[in-house]
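Welcome to a short tour of a protein chain. Take a moment to turn the model around before reading on.

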Amino acid sequence: PVITGSTASLTAINEDGTATGSQVSSLLSGITFSDATDAVSGGSSANTWAGVVITGYSYDSSKGDWYYSSNNSTWTAFGASLTETSARTLKTTDYVKFVPASNWNGAAPTLTVAFVDSSATVSTWASVTDANTRGGTTAYSSGTVVISHTVTAVNDAPVASGSSTLTAITEDTSNPTGSTVN
């Protein structure tokens with residue numbers, strides 16, 4: 001399979017906001033998939049787009065984690081880095097989202113994905129897959145797409161800490177001495 005396009009991004013969310021899931025097919029709808037080479041007149045048909053294989057993700061718990069779901073209701077954290085030789089698959093009907101760590105904001109760790117055609121069986125979060133060999137006659141596209149996400153900073157309310165005691169004064173005292181509050 002061949003893909004045209006190289007980037008996609010989730011809609012930004014505010015720091016400490018609620019992350020919502022995006023279906024893989026919708027998230028990557030701006031990327032063109034083609035398996036026309038397999039279409040042979042009087043012979044085989046081109047394969048369809050079945051899913052993605054995640055070939056790159058650097059897990060960093062201080063920033064948060066990516067999650068996947070097959071139903072946009074029950075979510076499971078990726079929880080580990082992924083590479084071409086230890087990749088995982090998702091179907092086009094699965095969902096992904098990034099859940100930031102508390103009070104974290106900035107650019108989320110990106111996901112790098114290759115497309116998978118229907119000549120392969122694609123399962124939600126299938127066992128570790130070696131997707132190092134892609135293109136040609138494989139079910140994996142040689143091209144990849146980088147999926148990004150941004151968590152926007154919000155102005156957190158200040159929090160007072162410590163304590164202070166002001167000097168007591170007698171009621172009805174006019175012009176009492178004051179204390180400076182810093």
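In which order do the three strands of the open sheet lie? The order is E3-E14-E11, and the pairing in this sheet is mixed. Its edge strands are E3, covering 13-14, and E11, covering 106-107, each of which pairs on one side only. Strand E14 takes in residues 150-152, and two bridges link E14 to E3 in the parallel sense. Across this pairing, Ile 13 faces Val 151 of E14.

**The whole chain**

Please keep in mind that this is a predicted model. The protein chain holds one helix and 14 strands. Its C-alpha atoms occupy a box of roughly 105 × 25 × 25 Å along the principal axes. The radius of gyration is 26 Å, whereas a compact globule of 182 residues would have one near 16 Å.

How much of the chain is buried? Buried residues account for 35% of the 182 residues. The protein chain exposes about 10,300 Å², and 46% of that area comes from carbon and sulfur atoms. Among the contacts with a separation of 6 or more, 79% are between residues 24 or more positions apart. As for charge, the chain has 5 positive and 13 negative charges, and the mean positions of the two groups lie 11 Å apart.

**A covered strand and its partners**

Strand E6, made of residues 49-56, is a good place to look next. Seven of the eight residues in E6 are buried, so this strand is mostly covered. Which strands does E6 pair with? E6 runs antiparallel to E12, and six bridges join the two. One of the matched pairs here is Gly 51 with Val 116 of E12. E6 also pairs with strand E9, residues 88-91, again in the antiparallel sense and over four bridges. In that pairing, Val 52 sits opposite Leu 90 of E9.

**The loop between E12 and E13**

Strand E12 spans 111-117 and strand E13 spans 140-148, and Thr 129 lies in the loop between them. Is Thr 129 buried or exposed? Thr 129 has a relative accessible area of 15%, which is under the 20% limit, so it counts as buried. Beyond residues up to four places away in sequence, Thr 129 touches Glu 84, Thr 85, Ser 86, Ala 87, Thr 89 and Tyr 140.

Ser 118 belongs to the loop between E12 and E13 as well. At 35% relative accessibility, Ser 118 is partly exposed, because this value falls between the 20% and 50% limits. Ser 118 and Ala 50 are 68 residues apart in sequence, yet their C-alpha atoms are 5.0 Å apart in space. Once neighbours within four places are set aside, Ser 118 is in contact with Asn 47, Thr 48 and Ala 50.

**A buried leucine**

Leu 10 is placed in the loop between strand E2, which covers 7-9, and E3. With a relative accessible area of 7%, Leu 10 is buried. What does Leu 10 touch, leaving aside neighbours within four places in sequence? Its contacts are Ser 22, Leu 27, Trp 66, Val 96, Lys 97, Phe 98, Ser 148 and His 149. Of these, Phe 98 is 88 residues away from Leu 10 in sequence, with a C-alpha to C-alpha distance of 8.6 Å.

**Two aspartates with positive phi**

Asp 16 is not a glycine, but it has a positive phi of about 65°. Asp 16 is found in the loop between E3 and strand E4, which covers 22-23. Asp 172 also has a positive phi, near 70°, and is a residue other than glycine. Asp 172 lies in the segment after E14.

To close, here are the accessibilities of the residues discussed above.

| Residue | Relative accessible area | Class |
|---|---|---|
| Leu 10 | 7% | buried |
| Asp 16 | 43% | partly exposed |
| Ser 118 | 35% | partly exposed |
| Thr 129 | 15% | buried |
| Asp 172 | 73% | exposed |

Key. Residues numbered from 1 in each chain as written. Predicted model: local features only at pLDDT ≥ 70, side-chain atom pairs only at ≥ 80, totals over all residues. Heavy atoms only, no water. Rg over C-alpha atoms; globule rule 2.2 N^0.38 Å. Buried < 20%, exposed > 50% of the residue type's maximum accessible area, 1.4 Å probe, protein only. Contact = heavy atoms within 4.5 Å. Areas by Shrake-Rupley, 256 points an atom, 1.4 Å probe, with all protein chains shown as cover. Lys, Arg positive; Asp, Glu negative; His and termini not counted. Charge placed at Lys NZ, Arg CZ, Asp CG, Glu CD. Pairing = 2+ DSSP bridges.
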